[in-house]
Amino acid sequence: MSPRSIGVVMNGVTGRMGYRQHLVRSVLAINEQGGVALSDGERVLLRPVLVGRSAAKLEKLATDHGIADWTTDLDAALADDDNLIYFDAQVTQARVKAVLKAIEAGKHIYAEKPTAETVEDALALADAAEAKGIKNGVVQDKLFLPGLLKLKRLIDGGFFGRILSVRGEFGYWVFEGDWQAAQRPSWNYRAEDGGGIVLDMFPHWAYVLENLFGRVNSVYAQAVTHIPERVDEQGETYTATADDAAYGVFELEGGIIAQINSSWSVRVNRDELVEFQVDGTHGSAVAGLRNCRFQHRAATPKPVWNPDLPVTARFRDDWQEVPDNAEFDNGFKIQWEMFVRHVLEDAPFPHDFASGARGVRLAELGLQSSAEGRRLVVEP
């Protein structure tokens with residue numbers, strides 16, 4: 001059976017995430033493997049239609065990857081009935097207006113997070129999509145990291161007993177842009193342009209915590225701007241008005257306490273750029289991007305605090321690696337395949353705009369908590 005193709009309007013693919021993870025490693029990779037496999041054995045190819053503001057950048061991308069369709073006219077791309085899906089990876093400030101256009105055009109919507117800058121706008125998108133009866137989804141890629149999939153395997157197998165706490169460390173040093181170029185775009189550090197690590201990362205922590213451990217009941221956060229000045233892509237010094245680090249404490253249902261530090265102003269002294277330690281009555285585990293180590297209570301050593309003697313124990317030697325036991329594909333690509341199946345054959349896809357709105361709500365409450373210096377309840 002020869003595969004059919006569907007048009008996918010991809011807005012924002014000239015950006016780092018939209019290009020690397022979504023165009024190259026997801027959509028084009030899916031086509032290279034022969035398309036998305038449906039339950040009846042049919043295969044569906046994705047025909048990307050690149051959309052953006054810069055014709056020169058779009059033309060170069062299209063030429064480099066042999067893509068036939070690109071345009072700076074979003075309305076024209078949405079008017080084509082052969083284009084079933086609209087994908088948005090633009091800067092957050094531009095997302096709501098474009099997604100509402102796509103909803104009105106009757107396209108099924110897949111979008112990067114955060115879906116909006118405010119809870120009000122995020123809920124408006126969810127309501128508009130429901131009223132129009134179109135399928136909608138938001139990228140929640142961390143759930144598909146091999147390390148977190150292994151961690152979920154431990155949770156589902158009852159390894160931890162009663163889970164007590166979660167400690168997360170995320171971040172790395174983003175260069176200021178003067179003597180070394182920054183690894184992230186300058187808008188990330190301007191609040192007026194939708195930047196800030198709380199708005200960027202708290203939506204991630206919302207779905208990770210919710211899907212692995214339980215609903216977030218409260219949040220206390222301290223958001224700070226450690227680096228007050230940075231240098232942009234044109235070599236101009238600018239004032240960093242957005243938070244570049246956030247320290248959060250989240251109370252989850254069942255009494256689990258989660259502490260997560262997020263920072264673009266920290267130097268990495270851990271095995272991976274993000275790590276979560278989960279402690280339970282029967283065992284503990286540390287999960288990163290790809291690996292997960294665990295220690296059962298029967299194998300837990302009994303350290304004794306004595307500052308007068310040097311520590312000879314190598315504590316990490318007492319932990320074991322969780323085996324792969326599976327082939328792990330790119331998490332972004334997996335979600336793309338899931339969403340296409342959701343659109344074409346109504347396969348399950350729980351990561352909808354409503355879940356995206358919960359992430360925006362946690363970010364908004366985190367910023368409010370930091371500004372007011374108090375713990376805030378997260379309403380159901």
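The following paragraphs lead through the structure from its overall form to one pair of strands.

This is a predicted model, in which local features need pLDDT of at least 70 and side-chain atom pairs count only at pLDDT 80 or more, while totals for chains, interfaces and linings use all residues. Residues are numbered from 1 along each chain as its sequence is written, and side-chain values use heavy atoms, with hydrogens and water left out.

The C-alpha trace of the protein chain spans about 75 × 55 × 40 Å along its principal axes. Its radius of gyration (taken over C-alpha atoms) is 22 Å, which agrees with the value near 21 Å for a compact globule of 380 residues; the globule rule is 2.2 Å times the number of residues to the power 0.38. Of the 380 residues, 51% are buried, that is, under 20% relative accessible area with a 1.4 Å probe, counting protein chains only. Among contacts (heavy atoms within 4.5 Å) with a separation of 6 or more, 70% link residues 24 or more positions apart.

The protein chain contains nine helices and 18 strands, which are DSSP runs numbered from the N terminus (helices H or I, at least four residues; strands E, at least two). Nine strands form an open sheet with mixed pairing, in the order β17-β16-β15-β14-β8-β13-β12-β9-β18. Its edge strands, β17 (320–321) and β18 (376–377), each pair on one side only; two strands pair if DSSP finds at least two bridges between them.

Within this sheet, β15 (residues 283–287) and β16 (residues 292–296) run antiparallel and are joined by five bridges. Here A285 stands opposite F294 in β16.

Conventions
Buried means under 20% relative accessible area, exposed over 50%, partly exposed in between (1.4 Å probe, protein chains only).
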